[in-house]
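Reader: I have just opened this one and could use a guide. Could you take me through it?

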Amino acid sequence: MSIRQVTKKAGIGYTTFYRYYDSRQALLDELAADQIRKLVALTVPVMDTESSRSACLALCEYIDQHRTLWTTLLTGGAAPALRRELHALSVEAASTRYKSASWLPRELGISLIVSAEMDILSWWLNQPDPIPAAQVAEILDRVVVAPSVLHG
């Protein structure tokens, strides 16, 4: 999309766009950063044994509602950089909340959860006939979260 198309769709003037952004890439970077913050806010509760299933469902429903955007972010050319940033922010946000099993170092548990979560979401977004969000949430919870967290 050109800047003119973006401004027309947004209902703002061409010069107004340049008051806030230097380029189309700057707008995309801000959009991606905002989405990463939202995803981290949904990802961290996944690591909580009390509400992991409902947190997984909230995460998957959010991704599903913004499927086009997240397909681009997680499977496009910027995906590796986005995943690194999402991973770093998730590790930082979860470091005080996440309780790992005694045999699993905390940093490794967080890394495994975030990496597997991104892989499952990317797989889901690439499916020509995607399964429902609730089913993906169950997969995340049973395959990734439940085996990784302390159960007492």
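Author: What follows is a short talk about the core, one helix and some aromatic rings. This is a predicted model, in which local features need pLDDT of at least 70 and side-chain atom pairs count only at pLDDT 80 or more, while totals for chains, interfaces and linings use all residues. Residues are numbered from 1 along each chain as its sequence is written, and side-chain values use heavy atoms, with hydrogens and water left out.

Reader: Which residues touch the most other members of the largest nonpolar core?

Author: They are Cys 60, Trp 70, Leu 121 and Leu 140, in a core of 26 residues. A nonpolar core here is a set of buried Ala, Val, Leu, Ile, Met, Phe, Trp, Tyr and Cys residues joined through side-chain atoms within 4.5 Å; buried means under 20% relative accessible area, exposed over 50%, and partly exposed in between, with a 1.4 Å probe and protein chains only.

Reader: And which helices supply at least two residues each?

Author: Those are H3 (24-43), H4 (52-65), H5 (67-75), H6 (79-94), H7 (106-125) and H8 (133-148), where a helix is a DSSP run of H or I with at least four residues, numbered from the N terminus.

Reader: What is Leu 121 in contact with, leaving aside neighbours within four places in sequence?

Author: Leu 121 is in contact with Leu 59, Cys 60, Ile 63, Leu 74, Val 136 and Leu 140, contact meaning heavy atoms within 4.5 Å. Leu 121 is also one of the buried residues of H7, which include Gly 109, Glu 117 and Trp 124.

Reader: Changing topic, how many aromatic pairs are there?

Author: The structure holds three; rings of Phe, Tyr and Trp (its six-membered ring) pair if their centres lie within 6.5 Å, and planes under 30 degrees apart count as stacked, over 60 as edge-to-face and the rest as tilted. Tyr 14 and Tyr 18 have ring centres 5.4 Å apart and planes at 70 degrees, so they are edge-to-face.

Reader: Are Tyr 14 and Tyr 18 buried or exposed?

Author: Tyr 14 is partly exposed at 32% relative accessible area, and Tyr 18 is partly exposed too, at 37%. Phe 17 and Tyr 21 form a tilted pair, 5.4 Å centre to centre with 40 degrees between the planes; Phe 17 counts as buried at 3%, as does Tyr 21 at 17%.

Reader: Which charged end sits over the ring of Tyr 14?

Author: That of Arg 4, 3.9 Å from the ring centre, the rule being CZ of Arg or NZ of Lys within 6 Å of the centre and within 35 degrees of the ring normal.
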